[in-house]
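Here are some notes to go with your first look at this one. Keep the viewer open and follow along point by point.

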Amino acid sequence: MSQPVSQPDSQPISPPRAAAEEPYDLLGIGIGPFNLSLAALADGERSLRTLFVERKPEFRWHPGLLVDGARMQVPFLADLVSLVDPTSPWSFLAYLRAHDRLFPFYFAERFHLSRREYDHYCRWVAERLPHCRFGTCVAAARWERAEDGEDLFAVDLRTAPAEGGGALPRTTTVRARNLVLGVGTEPVLPEAFAALDGHPRVWHAGEYRHRRAALADARDVTVVGSGQSGAEVFLDLLRERERAAESGLPAGGRTVRWLTRSAAIAPMEYSKLGLEHFTPDYTRYFHALPAAVRDELIARQGQLYKAASADTLAEIHDLLYERSVGGGPHTTEDVVISPGTAVLRARSAPYGGPLELRCRHRESEGDYTLRTDAVILATGYAARRPALLDPLADLIDWDDQGRYQVDLDHRVALRPDIGGGLYVQNAELHTHGVGTPDLGLGAHRAAVILNSVAGRTVHRLPARTAFTTFGPAAAAPDGSAPSPDRCQGKPDAEEPTRAAAR
């Protein structure tokens, strides 16, 4: 997503007169699925002037993980708009209709899309929304006081020249009443691998598809991390090895390892009531808890949002089972699956030898060293504060751990005299819970932000979304059952939205 850029010598340009005089009601920084959802739901809302910018030349969603057969972990209704407005022209079904694929989809009976199809659907939307601008970097955002007129956010943009053009990058400044950060998350490099940062045979799973060819001569490959990305990479390596073995290629004899600190290779929670943790009801309940309780809850809820799907794990087992026909588990000794194993330290062996991983089996407390030719880190992503916010840092009310304090409208707490709104998408796990990175709540969050910015209900939202009552279900004083808003917090449909300062 959008990242800060250095400000080289550039060619200043004068924005059109209307753009210079009329501030945007909402400026989105970064165009991933969440800000794209907001852009789609804002499309056609003529009372709001919006702009969304992204440094990349086109929409791409985790392209390094678009391996064959990889599927979404959410149903197709978790598209950009459907769970808020299924009649939108930007729904997944509208996309299918535009490509004359409704009947094939109907017969395919696919509730979960391939990652490749979801990526293509999002690009189809992004290319058609007139207020999405790609190839545009955000250098900085600041709050400007106006001597005559309105105090606003000022955002410096740098637009790359057209491909093949010789002109220098163009820079301009736009102004907005509200900002929404959708800059995405960044790959996590575990501390144990710090000494190997940048090593040509150690990289994050997010780069897997782009760098997979570099593993052609690797005789031993290790995947670290047992979330969905780790499971998909491990499965793809197994499939590639089987294909190589059939063709007599060197990779056919490769050892493939899978290490995880988790005590077991267990699937993500996917029971119907368990999934109600990904509802606005649970978000409201979680947000009302004390910060220390929220942090403790998140630490033990990994099975809700960080594990692999049962289907992917079943495919891994099926492949290994077929491999064992005519023998037994010993026929797959070159496939190593080691749960409960932490990597304590990683380094390059002397004289260009294999990588050395110092490991500890956590339950038995046994330490050992394994040697491998390459490591793929499926170690997740984390939200980090982008440098473009540095000019606003003193205006933000950070919590005691240096994180955003975010209200139910996903608006960051700012200094009281700042009238504009700063909203975040997928940077509020600590305040809004496990649904924060989940695509199934993306459209709802976008609608909440849009309603808040507009100061009115642009999109009607349901009062209750779960059968589960989160929190105490105390009886009302008259002995009757409590109403949903007494248990869950006030429903969205009745929440007073806060208009941005005009």
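**Notes for a first look**

1. Start with helix H8, residues 280-287: seven of its eight residues are buried, so the helix is largely enclosed by the rest of the structure. The buried ones are Pro 280, Asp 281, Tyr 282, Thr 283, Arg 284, Phe 286 and His 287. Bear in mind that this is a predicted model.

2. Now step back for the overall picture. The protein has 14 helices and 19 strands. Of its 502 residues, 50% are buried. If you take the contacts between residues at least 6 apart in sequence, 71% of them join residues at least 24 apart.

3. Just ahead of H8, have a look at the loop that connects strand S12 (255-259) to H8, which is where Glu 269 sits. Its relative accessibility is 27%; buried would need under 20% and exposed over 50%, so Glu 269 counts as partly exposed. Leaving aside residues up to four places away in sequence, Glu 269 touches Gly 274, Leu 275, Gln 303 and Leu 304. The C-alpha atoms of Glu 269 and Tyr 305 are 7.8 Å apart, with the two positions 36 residues apart along the chain counted as their separation.

4. Next, helix H5, residues 115-126. How far apart should its ends be? With 12 residues at 1.5 Å a residue, the expected span is 16 Å, and the end C-alpha atoms are indeed 16 Å apart, so the two agree.

5. H5 is also largely enclosed by the rest of the structure, because 10 of its 12 residues are buried. Charged and aromatic names turn up in that buried set, including Arg 115, Glu 117, Tyr 118, Asp 119, Tyr 121, Arg 123 and Trp 124. What do the buried residues of H5 pack against? Their partners are helix H2 (33-42), helix H3 (92-98), strand S4 (132-134) and helix H7 (228-247).

6. Take H2 from that list and look at how it meets H5. The axes of the two helices come within 11 Å and cross at roughly 40 degrees. That angle makes H2 oblique to H5. The crossing of H2 past H5 is left-handed. On the H2 side the contact is made by Pro 33, Leu 36 and Ala 40, and on the H5 side by Tyr 118, Cys 122, Val 125 and Ala 126.

7. H2 has another helix packed against it, H13 (residues 442-454): here the angle is about 55 degrees and the axes are 9 Å apart. H2 and H13 are therefore oblique to each other as well. This time H2 makes a right-handed crossing. H2 contributes Phe 34, Ser 37, Leu 38, Leu 41 and Ala 42 to the contact, while H13 contributes Gly 442, Ala 443, Arg 445, Ala 446, Ala 447, Ile 449 and Leu 450.

8. Finally, a sheet. Three strands line up in the order S14-S15-S16 to form an open sheet with antiparallel pairing. Strand S14 (341-348) and strand S16 (366-372) are the edges, each pairing on one side only. From one strand to the next, the twist averages 25 degrees.

9. Within that sheet, zoom in on strand S15 (residues 355-361) and S16. How many bridges join them? There are seven, and the two strands run antiparallel. For a landmark, find Cys 359, which stands opposite Tyr 368 in S16.

Definitions and conventions:
Residues numbered from 1 in each chain as written. Predicted model: local features only at pLDDT ≥ 70, side-chain atom pairs only at ≥ 80, totals over all residues. Heavy atoms only, no water. Helix = DSSP H or I, 4+ residues; strand = E, 2+ residues; numbered from the N terminus. Expected span 1.5 Å × (residues − 1). Buried < 20%, exposed > 50% of the residue type's maximum accessible area, 1.4 Å probe, protein only. Contact = heavy atoms within 4.5 Å. Pairing = 2+ DSSP bridges. Axes fitted to C-alpha atoms, helices over the stretch in contact; angles between N-to-C directions. Parallel < 35°, antiparallel > 145°, perpendicular 65-115°, else oblique. Left-handed = near helix turned anticlockwise from the far one by under 90°.
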